[in-house]
Amino acid sequence: MEVAGEQIRVQSLSQNDKPHVPPQYIQPPQYRHNADTVGGGGGGDKSIPAIDLGATRADLHAELDRACKDWGAFHVTNHGVPIQLLNEMRRVGVLFFEECPMAEKLRYSCDSNSFASEGYGSRMLVSSNDTVLDWRDYFDHHTLPLSRRNPDRWPHFPPNYREVVAEYGDRMKVLAQRLLSLISESLGLPSSRIKEAVGEFYQNITVSYYPPCPQPELTLGLQAHSDMGAITLLIQDDVGGLQVLKDGEWVNVHPLSDAIVVILADQTEIITNGKYRSAEHRAITNVNKARFSVATFHDPAKTTIISPAAELISNSSPPKYCQVTYGDYVLLWYTKGPEGKRNIDRLLL
Ligand SMILES: O=C(O)CCC(=O)C(=O)O
Ligand SMILES: [Fe+2]
């Protein structure tokens, strides 16, 4: 835990070789995952849908409609982002966490007293000292709009790290726009409808590093939450650990190396008046292997007011959520904590 400026990273704890995790990382019993499911179960045969973006438009609309209603999360293949870039993003990210000396990594430390500050950290929520901590280190990059992008603040090791992140962010933006268009169309809305409601993308890229954990049954790599913004695009390595909640059961998102995981976030749920849902998800830990993922978030500006799309409102389908200024929503998330989907539930009418 970070107290009075002291910087403790989970990676350092993991390298201590202690058999027990410190008490701040122990989840209350109701939030722990069932160790029996790790690697084996985690939803049994169930898995999120996989959608081939090369399919015909009519097929795509039907498949997206199903996936966004039932899951709020799905894999996409044939997505147009070069596979080499996905692999390079994974490679430079892992090299930073594993090969860069801790003293140098700490030079990029984020400001642990402000929300979503850019840089290297372990503790996303600034709320209170009794928050249970995630078994995760991360590096958060502010990538879009370009006025927020300052690669000087990003890792200088390996040498091409900054170039890869910049290109990766640009490619993810294009894919996120395309997906929001297709998702609008699959609801019968004009293709630009959700994109216009979100406005210019504020894009953050968070690379997460989950070190091996001596007591995975007591911890979470990342507590259950839904993402705050509009749409998240995620890639992971081959270790596995991401889970999505489906009908009350946690289902493993099995790694598919060339695919990208799409996670609908809360503002899309509001704009679609709950017709499409944001996915509640979490990351679990394991004893043997460090795990790596890259989440690219696409959010509205803090001043944007988000409300259900008028075209989706009628006498038989009244508004389900009250309108919210995105900045107020973010503040709630960071001060109260995500606790699953509690924050969006507060907006229910
Ligand atoms: O590491 C993962 O797979 C999940 C990351 C995530 O959900 C997030 O950063 O919001
Ligand atoms: Fe997330």
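Which element supplies the largest share of the lining of the largest pocket, and how many residues does that share hold? The exercises below work through this and related points on a predicted model.

**Exercise 1. Describe the largest pocket and its lining.**

Solution.
Step 1. Start with the volume: the largest pocket holds about 710 Å³ of space. Of the 41 residues in its lining, M124, N204, M228, F297 and Y334 are the closest to the centre.
Step 2. Assign the lining to elements. At least two residues each come from strand 4 (137–144), strand 5 (202–210), strand 6 (222–225), strand 7 (231–236), strand 11 (281–283), strand 12 (291–299) and helix 8 (326–336).
Step 3. Pick out the main contributor. Helix 8 gives the largest share, 6 residues, which settles the opening question.
Step 4. Sort the lining by class: 21 residues are nonpolar, 11 are polar and 9 are charged.

**Exercise 2. Locate ligand 1 and list what surrounds it.**

Solution.
Step 1. Find the site: ligand 1 sits in the largest pocket. Two or more residues of the shell around ligand 1 come from each of strand 6 and strand 12.
Step 2. Name the shell. The residues around ligand 1 are R136, Y210, L222, H225, D227, L234, L242, H281, R291, S293, A295 and F297.
Step 3. Find the main contributor to the shell. Strand 12 provides the largest share, 4 residues.
Step 4. Sort the shell by class: 6 nonpolar, 3 polar and 3 charged residues.

**Exercise 3. Find side chains with an N or O atom close enough to an oxygen atom of ligand 1 for a polar contact, and state how much of the ligand is buried.**

Solution.
Step 1. Set the cut-off: a polar contact is a pair of N or O atoms within 3.5 Å.
Step 2. Check Y210. An N or O atom of the Y210 side chain is 2.6 Å from an oxygen atom of ligand 1.
Step 3. Check S293. Its side chain has an N or O atom 2.7 Å from an oxygen atom of the ligand.
Step 4. Check H225. Here the distance from a side-chain N or O atom to an oxygen atom of ligand 1 is 3.1 Å.
Step 5. Turn to the surface of the ligand. Ligand 1 taken alone exposes 300 Å², and the protein buries 96% of that area.

**Exercise 4. Count the cavities and describe the largest one.**

Solution.
Step 1. Count: searching the whole structure gives 4 cavities of 30 Å³ or more.
Step 2. Give the volume of the largest cavity, which is about 70 Å³. Its lining has 11 residues, and the closest to the centre are S114, A116, R123, M124 and Y138.
Step 3. Sort that lining by class: 6 residues are nonpolar, 3 polar and 2 charged.

**Exercise 5. Examine the backbone at P145, P158 and D247.**

Solution.
Step 1. Take P145. The peptide bond between L144 and P145 is cis, with omega about -5°. P145 belongs to the loop between strand 4 and helix 5 (161–186).
Step 2. Take P158. A cis peptide bond, with omega about -5°, also links F157 to P158. P158 is in the loop between strand 4 and helix 5.
Step 3. Take D247. This residue is not a glycine, yet its phi is positive, about 50°. D247 lies in the loop that runs between strand 8 (242–246) and strand 9 (249–252).

How values were computed:
Residues numbered from 1 in each chain as written. Chains lettered and ligands numbered in written order. Predicted model: local features only at pLDDT ≥ 70, side-chain atom pairs only at ≥ 80, totals over all residues. Heavy atoms only, no water. 1 Å grid on protein atoms, 1.4 Å probe; cavity = no way out; pocket = protein on both sides within 12 Å on 5 of 7 lines; lining within 4 Å. Points joined across faces, edges and corners; volume = space filled by probe spheres on them. Nonpolar A, V, L, I, M, F, W, Y, C, P; charged D, E, K, R; others polar. Near = heavy atom within 4 Å. Polar contact = N/O pair within 3.5 Å; in protein donor to acceptor, adjacent residues only side chain to side chain. Areas by Shrake-Rupley, 256 points an atom, 1.4 Å probe, with all protein chains shown as cover. Sits in = over half its atoms within 2 Å of the grid points.
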